[in-house]
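Please open the model in your viewer and keep the selection tool at hand. The tour below proceeds one selection at a time.

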Amino acid sequence: MNILSYLQRIGRALMVPVAILPAAAILVGVGYWIDPTGWGTDNPLAALFISSGNAILENMAILFAVGIAYGMSKDKDGAAALTGLVGFMVVLKLCSPAVIAMIKGIPVAEVPAAFSKINNQFIGILVGVISAELYNRYSSVELPQALSFFSGRRLVPILNSFLMILLSFILMFVWPVIYSWLVAFGESITNFGSTGAGLYAFFNRLLIPIGLHHALNSVFWFDVAGINDTPNFLAGAKSIAEGTAIPGITGRYQAGFFPIMMFGLPGAALAIYHCARPENRAMVGGIMMAGAFTAFFTGVTEPLEFSFMFVAPVLYVLHAIMTGISVYIAATMHWIAGFGFSAGFIDLLLSSRNPLAVHWYMLILQGLVFFCLYYVVFRFTIKKFNLLTLGRELSSTGQTDGYDIDMAAKTIGSDNIQEEAYKYIAAVGGSGNLTGIDSCITRLRLSVRDSGLINEQAVKRLGASGIIRLNKESVQIIIGTRAELVANAMKKVITKGPIAADTEHQNSKPDTQVKKDRKPQDKAILTLMAPVTGELVKLEDVPDEAFSSKLVGDGIAIKPTSNTVFSPISGTVVKVFDTSHALCIEADNGVEVIIHIGIDTVSLQGEGFERLVEEGVRVKVGEPLLKLDLEYLNAHAKSMISPIVISNIDDYAGVSIMAESHVIAKESNLFQVMK
């Protein structure tokens, strides 16, 4: 397994302990809301909430050790968590200043200061990883009969207690060096002040696509390098009294995220909605509104970010830059608020009475500015560079054209999650291609034998908003907050027997692959006859970006003057759309031909079309397929320019146009498909 795949495993395992933070943040936030100055001394109820929350925050390191050991274990067994707990307790004790002084025979005062910080998330991660690897390797070991009680899972915590002695011995020499490096890194950023906060935020966003931002966050939000921004902020007046927090400074690695999560990304969502094609706006509006609502109230932004992260990477880079600018501004102006989960309205409200929340209300004004900034930047960039963000790919008003299943994405109901899991397994190459199933908040994190076997169209048809192929053996599928439920269902389904791969409509080449130029030796394998009489229009001139960019396929278009559409080839009708405005025919040699009458005619709901054939029937060249009411269509369609394209053109060398300007149905040859 390569290093990136391994880091991915650690990253997803980190979500186990990180997911506990919201509970701690709410408990502490409510406690300080009740008693913002006495932090529990003036109110028993506040003391109860604060102490309960701090029980989690003050033990994040051990939670990291236990959570990662469990999360990285092969079968998610409690014995793995126990192994992590035992390992951390041994290391914590052996590397404590008192034990170090006793072992080395020196006064406690001479023990390096690094060992007073041994109880930190970095050590927790290290112990958790080692414990998980030990569990995965030895949890099935069978000892001799006399020792059989200690076989298997019972053996691993025992082995780990001895292994941690060795690790502790190594840390006695290595940890002071590692700690000094971490402190130096943290100080180099803190010495940059507001600029350092902005740089941190910029890289925080850039690391999200590969899920490694949690490792960066641990340095700035927790007590790995002495910054400890989140716990220090949440402790409020207590931190101020103890000298671990400074009003206007503590929280600067968090504050600037509020304007982005609560306002900036909803502004981007509005821009994406306004840039969508009119017939798609109802669908896009629903998706964007849900994402914006989630971002505003909870600070969970992945549903929005993944909607444009891969279809328009330039937008994501701009988003990372603007996040860095926002955090820089908030830190410079000392507009401070903090969070225990994410920078949403709930956390902002809970932190508003915290004495470390300095001019927190200004973050709302800053957010309104960033709402406008995101809207203008996103809308201008989408229009200027013709980015195919959600809703700009093709027509869809409850109907789908079938050649872009992103727009046809649908999610199977939660009452049928077993079926959904079955289909995801089939879409990623079947059970034979899957070697590991895991999840985080919004992503399936899968280990596969060959990521090239994944049927991306089938995955998106199930409702996924994005696919990340990290390498040949690691892939992430973004499906939203149901990811863990789907992953668990997949694990159960896969134990019931083998599942075949879903290869229907799977492209044989990546979408990004550039088509080969035709060569003189290329041969024609299929000739298409003109399906209607009319004027030829170059595909590049079709007033639809999906066709003009050849995203759907290659071919040509006709502006019809006759009212009958004939089959341009002999083959099988594999699809007739419900609105009868388009159909797909597959030739005997596998060439797939799409005939799409008009542009945006899906919105006419079938008016002006009469279907003459049904799906599954064989047709001969020249056989009538559709009847058109040209008078009605010319009056109501956006355009009657009708593309005729080869949808699986990536399998062939290209097309050779045979006609020049005008074609006659059933008489003129239109173009040839070259092999």
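What span should the 14 residues of helix α3 have at 1.5 Å a residue, and how far apart are its end C-alpha atoms? Please note that the model is predicted. Select residues 44-57, which form α3. The expected span is 20 Å, and the end C-alpha atoms lie 20 Å apart, so expectation and model agree.

**The two sides of α3**

Within α3, colour A46, I50, G53, N54, I56 and L57, which are buried. Viewed down the axis of α3, its buried residues fall within an arc of 150°, and therefore line one face of the helix. Next, turn to the other side of α3, where P44 and L48 are exposed. Finally, display N43 at the start of α3: a side-chain oxygen of N43 comes to within 2.9 Å of the backbone nitrogen of L45.

**Helix α4**

Move on to residues 60-71, the 12 residues of helix α4. At 1.5 Å a residue, α4 should span 16 Å; its end C-alpha atoms are 15 Å apart, which agrees. The buried residues of α4 are M60, A61, F64, A65, G67, I68, A69 and G71.

**A helix crossing**

Select residues 417-427, helix α19, together with residues 483-494, helix α21. At what angle do the axes of α19 and α21 cross? They cross at roughly 75° and come within 8 Å. This makes α19 roughly perpendicular to α21. To examine the contact itself, show the side chains on both helices. From α19, the participants are I417, Q418, E420, A421, Y422, Y424 and I425. They meet L485, V486, A489, M490, V493 and I494 of α21.

**A buried aspartate in a loop**

Now centre the view on D600, located in the loop between β11 (592-596) and β12 (609-611). Is D600 buried or exposed? Its relative accessibility is 9%, and because buried means under 20%, D600 counts as buried. Display R277 as well: the side chains of D600 and R277 make a polar contact at 2.3 Å.

**The whole protein**

To finish, clear the selection and display the entire protein. It has 23 helices and 18 strands. Of its 675 residues, 55% count as buried. Among the contacts in the protein with a separation of 6 or more, 73% are accounted for by residues 24 or more positions apart. The contact between D600 and R277 may be revisited in this full view.

How values were computed
Residues are numbered from 1 along each chain as its sequence is written. This is a predicted model: local features need pLDDT of at least 70, side-chain atom pairs count only at pLDDT 80 or more; totals for chains, interfaces and linings use all residues. Side-chain values use heavy atoms; hydrogens and water are left out. Helices (H or I, at least four residues) and strands (E, at least two) are DSSP runs, numbered from the N terminus. The expected span of a helix is 1.5 Å times one less than its number of residues. Buried means under 20% relative accessible area, exposed over 50%, partly exposed in between (1.4 Å probe, protein chains only). The arc is that of the directions from the helix axis to the C-beta atoms. A polar contact is a pair of N or O atoms within 3.5 Å; within protein, one must be able to donate a hydrogen and the other to accept it, and residues adjacent in sequence count only if both atoms are side-chain atoms. Axes are lines fitted to C-alpha atoms, for helices over the stretch in contact, and angles run from 0 to 180 degrees between N-to-C directions. Angles under 35 degrees count as roughly parallel, over 145 as roughly antiparallel, 65 to 115 as roughly perpendicular and the rest as oblique. Contact means heavy atoms within 4.5 Å.
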